[in-house]
Amino acid sequence: MRAFGEWPPGLRAVLAVAATSLFMVLVAWATLIGPDEVFTGAGRVQAPTTTTETCIPLPVATAADGSTTVEIPDDFASRNYCEPPPGFGGDDSGDVTENAPPLWVGVLTGLLLAAAAAGGLAVLVWLAALVLREVRARRLREEERTAVGFTVLDEPVRVARQVAADAEEQETLLREGDPRNAIVAAWHRFEVQGERAGVPRRASETSSEYGLRILDLAEADDGSVNRLAELYREARFSDHPVTEEHRSRALAALTDIRHSLGVGA
């Protein structure tokens, strides 16, 4: 039973419908060839023969091979001969009667055959629908895999171009205002660039992690990225003063990042 439980629901349903249709066909077949007294009436009924004790037995002739035949005398009609055996003379239309099957048998047989045909047709239609749905689903999966593949391959180029295109705005943020706030704002600018490039920030990522991922996609120089990331963490979380010297180092790191961007920047 466990083996049947592991079958897909669609396959189990198809087998159930097929078994039902087969059962209906077997019932219809049994209806046609079943016992005569139920499905085909009384069948061939031997006509009763009456014999009297005073009839004259018909003469029997024995052939050379030992077989016997009953002979009909010329005076058969005028004397009280016994009746000849059934079928004698090749005409038994008066001795055997044929009864037609009852009407309900024909009706039931027709209904069963029609139901079986309808069930088989329904199974075929359903199987065709399942095949078409599977073909469409497979085609959609192929298209999605192709689209995802192109998207993943295109991400570095798009990110690098966006970082390069936004360099002027990012440098302006770094040059204006308080050095601490300027460095933090310049780093957060990578989030804007990533969103514009179609690479959104993940829910589990911090701003520092997201910026590092964006710069890694853009193939920026690791040393320059680490220097700017360290200045960001110092400006964002430290208590000591952040001076113009920190701003100058951040500007130098940002310039090196821009110059080291990968292909497509």
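What share of the 265 residues of the protein count as buried? The answer is 28%. Welcome to this structure, which is a predicted model. The protein has nine helices and four strands, and a search of the whole structure turns up one cavity of 30 Å³ or more. Here is a short tour, topic by topic.

**Overall layout**

- Following the sequence from start to end, you will meet the elements in the pattern α-α-α-β-β-β-β-α-α-α-α-α-α.
- If you take the contacts between residues at least 6 apart in sequence, 65% of them join residues at least 24 apart.
- The accessible surface of the protein adds up to about 17500 Å², and carbon and sulfur atoms account for 60% of that surface.

**How confident the prediction is**

- The average pLDDT of the protein is 78, with 71% of the residues scoring at least 70.
- Residues 35–39 stay under 50 in pLDDT, and the model gives this stretch 11 contacts beyond four places in sequence.
- Residues 90–96 also have a pLDDT below 50, and for them the model has 12 contacts beyond near neighbours in sequence.

**The cavity**

- A friendly word of background: rolling a probe the size of a water molecule over the atoms shows where empty space is left.
- The largest cavity has a volume of about 50 Å³.
- Its lining is made up of Val163, Ala164, Ala167, Gln170, Phe190, Leu254, Ile257, Arg258 and Leu261.
- Three helices, α4 (103–165), α5 (167–175) and α9 (244–259), each provide at least two residues of this lining.
- Among the contributors, α9 gives the most, with three residues.
- Sorted by class, the lining has seven nonpolar residues, one polar residue and one charged residue.

**Helix α7, an enclosed element**

- Helix α7 spans residues 207–217, and it is largely enclosed by the rest of the structure because eight of its 11 residues are buried.
- If you would like to find these buried residues in the model, look for Ser207, Ser208, Tyr210, Gly211, Arg213, Ile214, Leu215 and Leu217.

**The loop after α7**

- Glu219 sits in the loop between α7 and α8, and its place is just after α7.
- The phi of Glu219 is near 60°, which is a positive value in a residue other than glycine.
- With a relative accessible area of 47%, Glu219 is partly exposed.

**Tyr232 in helix α8**

- Moving on to helix α8 (residues 222–237), you will find Tyr232 there.
- Is Tyr232 buried or exposed? Tyr232 counts as buried, because its relative accessibility is 3% and the cut-off for buried is under 20%.
- Leaving aside neighbours within four places in sequence, Tyr232 is in contact with Ile183, Val184, Trp187, His188, Ser207 and Ser208.
- Two of these partners, Ser207 and Ser208, are also among the buried residues of α7.
- Tyr232 and Ser208 are 24 residues apart in sequence, while their C-alpha atoms are 8.2 Å apart in space.

Note on methods: Residues are numbered from 1 along each chain as its sequence is written. This is a predicted model: local features need pLDDT of at least 70, side-chain atom pairs count only at pLDDT 80 or more; totals for chains, interfaces and linings use all residues. Side-chain values use heavy atoms; hydrogens and water are left out. On a 1 Å grid over the protein atoms alone, a cavity is a set of points where a 1.4 Å probe fits but cannot get out, and a pocket is an open set with protein on both sides within 12 Å along at least five of seven lines; lining residues have an atom within 4 Å of a point. Grid points are joined across faces, edges and corners, and a volume is the space filled by probe spheres set on the points. Ala, Val, Leu, Ile, Met, Phe, Trp, Tyr, Cys and Pro count as nonpolar, Asp, Glu, Lys and Arg as charged, and the others, Gly among them, as polar. Buried means under 20% relative accessible area, exposed over 50%, partly exposed in between (1.4 Å probe, protein chains only). Contact means heavy atoms within 4.5 Å. Accessible areas come from the Shrake-Rupley method with a 1.4 Å probe; for residues, only the protein chains shown count as cover. pLDDT is the predictor's confidence in each residue, from 0 to 100.
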